Amino acid sequence: MLPDFRLRQREYLLEISRAMSARLDLSSLLELTLKSAVEILAGQAGLITLRRNDGSFIPQASIGLPYQAVPLFEPLWRDLEPERQRGGIPDMALRLALASRAAGVLMRQVVALPLEIGDDVIGYIFIFRSRGAAFSSNDRQVLGAFADQTAVAVHNARLYQQVTAERERLNAIIEHSGDGVMIINPYRIIQTWNRALANMTGIPAESAIGRPCYEVLNLQTRQGTSVCHTACPLVNAPEDGRLYAEGIHHRADGLAITLADNYSPQKNEEGFLTQIIANVRDVTRLQEAEEMKQTLLSVISHELKTPVSIIKGYAGTLAREDADWDEATLADGLAVIEEEADRLDRLITNLLEASRLQAGGFKLRLSYLDLADMARTAVENLQATTTTHTLELDFTRDFPPIRGDFERLREVLTNLIGNAIKYSPDGGLIKIGGMLGKNNTVRVYVSDEGIGISPADQERIFERLYRVDNRLARQTPGTGLGLYLVKAVVEAHGGRVWVDSTPGQGSTFWVELPVGNE
Ligand code: ADP
């Protein structure tokens, strides 16, 4: 039979290892160890110091000592390690005497053992007696088992802390990455969904995690077929080996965004797929810019080509030496050439203005000007281009001069009146009027009896390059830049522009501008 204290020691050690596997926090574990060791060695107090990164030792747990007195026991462990390494046997009795005096707590006997992991001393355990006999070599042996157990516990706890800290650091990197990051398991179930991705899609991590990515991202083509179901690179390995998918994601708030996903599969040492990290980027703007570039190119090539070939055709015909054109034919031909040249001029002006606006080099040159007068000139010029439309002026008498950019506001009027003519193919009345508005503003309108604009298109016609998709618009020359510039110029003046329209009956474009002469 084992002696009684051996039995108890075994029980204590068992309890400590149970506590260790239950992942008790380190300080509770150290206290438990101290309590058991003090009891089994019939001591009155105990102390554990641990080594810090800088090599110094600090008290980490104590029992039976006044809390404030613990640091004053420092003479016990000061330079203990170097002394031990030099092979000296530390005079613990002297150290204890010094420490006891410094701390004002009388302890008569001490036994100290290093906590070792391999050759590394990671701390010390001290057990004290305030009365009774000195510690025996048997006591030291008993304490040795506790010291070993404690060293392993501290080591494990530190490893665990390190792993946790590393994991937290990684999580923080993923969470705060500017790109969307999604981690999915081999069954394509979402495990991680970072903040950027939540912002991009409007789907919070709580709703995404645990669901299949093809359900949550649900990428689609422009035609509405599912990219995730028909072309997921994780399912149908692509020929070029590039794990990439791109498609439209419809957000719950109605916004459609284009997402580009790059997948990188992670395998374990045996080569089995463990997870897939997907880098998700919102490429909506990029794609829009690309489409815009294409549209702009085709618009330019088409729109510039038409007037140029008309001008060339007429000029060539009129210049033929073998023909003898009468006055009227000559005049008609020259009028067409002039008209087309004007159209070209407007087109080029619009293009230049649009690119200036985009490049941010858009500055107003302000002066006092008479909009009613400007409208009169525009009406005279444009009336000459049509016989089916009647252009009428309707400015109130009290219409004041305003401060504005003459050239740019003339473009606004020309664009609006030009559109009124273009989009009323059956002719009709076009009115250009103006009146005083509220809060020191003026309002100018251009109304027509043309095809009108549907409510859905009314919101979009002021966008760059936007053209309504109908037969007339397709047959009518245009770039979709006119109204974009109108809006930009009016807003640069601090004003606003909007449209009232009933499809089939006509449209009225309104421009409100501050008088700007306070
Ligand atoms: P565009 O060069 O195509 O005329 P705009 O930016 O001036 O470009 O106009 C954008 C679109 O708005 C046009 O394509 C046309 O469909 C529509 N629109 C503009 N003005 C009118 C109008 N007065 N009546 C009907 N539709 C119009």
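Which residue in β4 does I48 stand opposite? In this predicted model, that residue is I125.

The two residues belong to a pair of antiparallel strands. Strand β1 (residues 45-51) is joined to β4 by six bridges. Strand β4 itself spans residues 120-129. Nine of its 10 residues are buried, which leaves the strand mostly covered. Strand β3 (residues 109-117) also pairs with β4. This pairing is antiparallel and runs over nine bridges. Here I125 appears again, as the bridge partner of L113. Strands β3 and β4 form a hairpin with two residues between the strands. Within that hairpin, G118 adopts a positive phi near 60 degrees.

On the wider scale, the domain assignment of the protein lists four entries: domain 1 (2-172), domain 2 (180-282), domain 3 (287-358) and domain 4 (366-514). Domain 1 and domain 3 have C-alpha centres 94 Å apart.

Nonpolar packing was examined next. The largest nonpolar core contains 47 residues. Inside this core, L371, L409, I417 and I432 have the most contacts. Both domain 3 (287-358) and domain 4 (366-514) contribute residues, so the core lies between them. The surroundings of L371 illustrate the packing. Residues up to four places away in sequence are not counted. On that basis L371 touches F395, F399, I402, L409, L413, V442, V444 and L513. A second core is separate and has 31 residues. Among them are Y12, I48, A151 and A153. Residue I48 thus has two roles in this description: a member of the second core and the residue opposite I125 in β4.

Notes:
Residues are numbered from 1 along each chain as its sequence is written. This is a predicted model: local features need pLDDT of at least 70, side-chain atom pairs count only at pLDDT 80 or more; totals for chains, interfaces and linings use all residues. Side-chain values use heavy atoms; hydrogens and water are left out. A nonpolar core is a set of buried Ala, Val, Leu, Ile, Met, Phe, Trp, Tyr and Cys residues joined through side-chain atoms within 4.5 Å. Buried means under 20% relative accessible area, exposed over 50%, partly exposed in between (1.4 Å probe, protein chains only). Domain bounds come from an automatic or database domain assignment. Contact means heavy atoms within 4.5 Å. Helices (H or I, at least four residues) and strands (E, at least two) are DSSP runs, numbered from the N terminus. Two strands pair if DSSP finds at least two bridges between them.
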